[in-house]
Amino acid sequence: MNNAVDNITIELPLSKSFFNRVLIINKLYSNEKLSIPDNSPDDTTLLYNILNDTSLNEYYCHNAGTVVRFLLSFFACRTAEFKEVTITGSSRMQLRPIAPLADALTQLGASVRYEDKTGFLPITITKPVDLSSKEVHIHDTISSQYITSLMMIGPKFIDGLKIHYNNIPSFEYITMTSGIMNSLRLTNSISNNCITINHNDKEIDISTIKIERDWSSAASWFPIALIYPHTEFTFKDLHFGSLQGDEKIRIIAELFGIESKDTIEGVKIQRTAQVEKATKAYNKHRIIHIIDNPDLAPTISALSALSEGTTIMEGISNLKWKESDRISGIVDNLRKINVEVEHDDNKMVIFSKKGIENIRNIDKSIKLQSFQDHRIAMLCIPFHLINNNVTIDDITCISKSYPEFINQIRINLVPLQDKL
């Protein structure tokens, strides 16, 4: 990597995906008194607060899909202290399907009642699972979190639990769950479309696991690195070999001329001439499969808009069920900044003729929309950094996963604005 003119060190939040799994697992198998750092992601704070007060009859989970899905299985397996619990959320959360997980829990002996529309929140757990159950089948889902939710209660079952599955997106999140559980001696294995989880009746030592820094948050800096070619970004305490599937962004980013390396301090990234030259053959036609890493879609879209050439993202179908319809959110915002986009239900093609120059040349006010979705808001940030004519309607939603993101940009990048 070339010597950088400027070096910026970023302290990323702890991974909310990682931390939320540890919070549930701790409550089920240890119940040690955990604490969370100041400025933790909103989703982590929400789950932490609920797990520290399980006496209520109803829980409002905003638009936190992870929290809803994890809590549904959590409350359904509390057989000794069972009581009816209702889980609900925002208007958007009430449009996101919950039936696949609810149906799986009913296979395991639980009962649920939909308080409004069948298959959607609000939902009340009216009977717990039967811990003598041995297997469950779940197929063709839109979220790997249904599987993760079941996996984490699996050790509670007397003979363990087998989860049979097919057509599961974001599978690397399931692999992460498996890795976290195995590291805590909640033994499990994945083979032939079946996850086998062994029974556990011993208290675990939650202190043996270290919560990783968040690769999904790191991903939001890669498009920014593209527009600051003389700056090296260091992600403190982030390293290669993570359990998080979104580490894949460092490989994908090579197609856009960004190199990553692992150091003692953490992962360093920079746009380099060498990488750009080495990947020149890709500049006209990049094909990226995101079925296992859908949260990277907004980042890849920003990289594509800022780079010349054509990018094809395949495996986008479940993006419409995220915190917003991310297919529409990406398409609408990119078209506003004169980037051509075509898509169908499972593929998006982004055509960018002039890349960064295209954004610089915008000479009228354009307001991009976050749709109250943290990842769509972060998609838009690089465009505003390039051209103040481009603004964003709401950035407060970013605190869902990365509360310090905007503050870190103000501190580190404003002094570099004249170098764009």
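Here a trainee and a mentor talk through a predicted model, one local feature at a time.

Trainee: Let's start with the backbone. Which residue does a cis peptide bond join to L121?

Mentor: Most peptide bonds are trans. Here, though, omega is about -5° at a cis bond that begins at L121. The partner sits in the loop between β4 (111–114) and β5 (123–127). That partner is P122.

Trainee: And H62, is it buried, partly exposed or exposed?

Mentor: Look for H62 in the loop between β2 (58–60) and α3 (65–76). Its phi is positive, about 50°, although H62 is not a glycine. Buried would need a value under 20% and exposed one over 50%. With a relative accessibility of 43%, H62 is therefore partly exposed.

Trainee: Q372 has a positive phi too, I see. Why does Q372 count as exposed?

Mentor: Most residues other than glycine have a negative phi. Q372 has a phi near 55°, and its place is the loop between β17 (366–368) and α14 (374–386). Exposed means over 50%. Q372 passes that cut-off because its relative accessibility is 55%.

Trainee: Nice. Which residues lie nearest the centre of the second largest pocket?

Mentor: You have met two of them already. This pocket holds about 290 Å³ of space, and 16 residues line it. By class, six of them are charged, six polar and four nonpolar. Nearest the centre are D43, H62, N63, Q372 and K400.

Trainee: Which helix gives the largest share of that pocket's lining?

Mentor: D43 is among the residues nearest the centre of the second largest pocket. The helix you want spans residues 42–51 and supplies three lining residues. It is α2.

Trainee: How do α1 and α2 lie relative to each other, roughly parallel or roughly antiparallel?

Mentor: Helix α1 covers residues 16–29, and its axis runs 9 Å from that of α2. The packing angle is about 5°, and angles under 35 degrees count as roughly parallel. So α1 and α2 are roughly parallel.

Trainee: Which residues of α2 does α1 meet?

Mentor: From α1, the contact uses K16, F19, N20, L23, I24 and K27. By class, the contact has six nonpolar, two polar and three charged residues. On the α2 side, the residues are D43, T44, L47, Y48 and L51.

Trainee: Which residues does S30 touch, leaving out those up to four places away in sequence?

Mentor: S30 is in the loop between α1 and α2. It counts as buried because its relative accessible area is 11%, and the cut-off for buried is under 20%. Its contacts are I25, E203 and I204.

Trainee: On to α4. Which elements cover its buried residues?

Mentor: Helix α4 spans residues 99–107, and its buried residues are A99, L101, A102, A104 and L105. After α4 comes G109, with a positive phi near 100°. The cover over the buried residues includes α3, β4, β5, β6 (135–139) and α5 (145–153).

Trainee: Now the enclosed spaces. Which residues lie nearest the centre of the largest cavity?

Mentor: There are three cavities of 30 Å³ or more, and the largest has about 280 Å³ of space. Two or more lining residues come from each of α1, α3 and α14. The lining has nine charged, nine polar and four nonpolar residues. Of its 22 residues, those nearest the centre are T66, R69, Q145, D295 and K322.

Trainee: What about the second largest cavity: which residues are closest to its centre?

Mentor: The volume of this cavity is about 110 Å³. Of the 13 residues in its lining, the closest to the centre are S220, P298, T299, R375 and M378.

Trainee: How is the lining of the second largest cavity divided by class?

Mentor: At least two lining residues come from each of α7 (215–219), α11 (297–305) and α14. By class, the lining of the second largest cavity has seven nonpolar, three polar and three charged residues.

Trainee: One last thing: what distance separates the C-alpha atoms of R410 and D159?

Mentor: R410 is part of helix α15 (residues 405–413). It counts as exposed because its relative accessibility is 53%. Along the chain, R410 and D159 are 251 residues apart. Between their C-alpha atoms, the separation is 54 Å.

Technical notes: Residues are numbered from 1 along each chain as its sequence is written. This is a predicted model: local features need pLDDT of at least 70, side-chain atom pairs count only at pLDDT 80 or more; totals for chains, interfaces and linings use all residues. Side-chain values use heavy atoms; hydrogens and water are left out. Helices (H or I, at least four residues) and strands (E, at least two) are DSSP runs, numbered from the N terminus. Buried means under 20% relative accessible area, exposed over 50%, partly exposed in between (1.4 Å probe, protein chains only). On a 1 Å grid over the protein atoms alone, a cavity is a set of points where a 1.4 Å probe fits but cannot get out, and a pocket is an open set with protein on both sides within 12 Å along at least five of seven lines; lining residues have an atom within 4 Å of a point. Grid points are joined across faces, edges and corners, and a volume is the space filled by probe spheres set on the points. Ala, Val, Leu, Ile, Met, Phe, Trp, Tyr, Cys and Pro count as nonpolar, Asp, Glu, Lys and Arg as charged, and the others, Gly among them, as polar. Contact means heavy atoms within 4.5 Å. Axes are lines fitted to C-alpha atoms, for helices over the stretch in contact, and angles run from 0 to 180 degrees between N-to-C directions. Angles under 35 degrees count as roughly parallel, over 145 as roughly antiparallel, 65 to 115 as roughly perpendicular and the rest as oblique.
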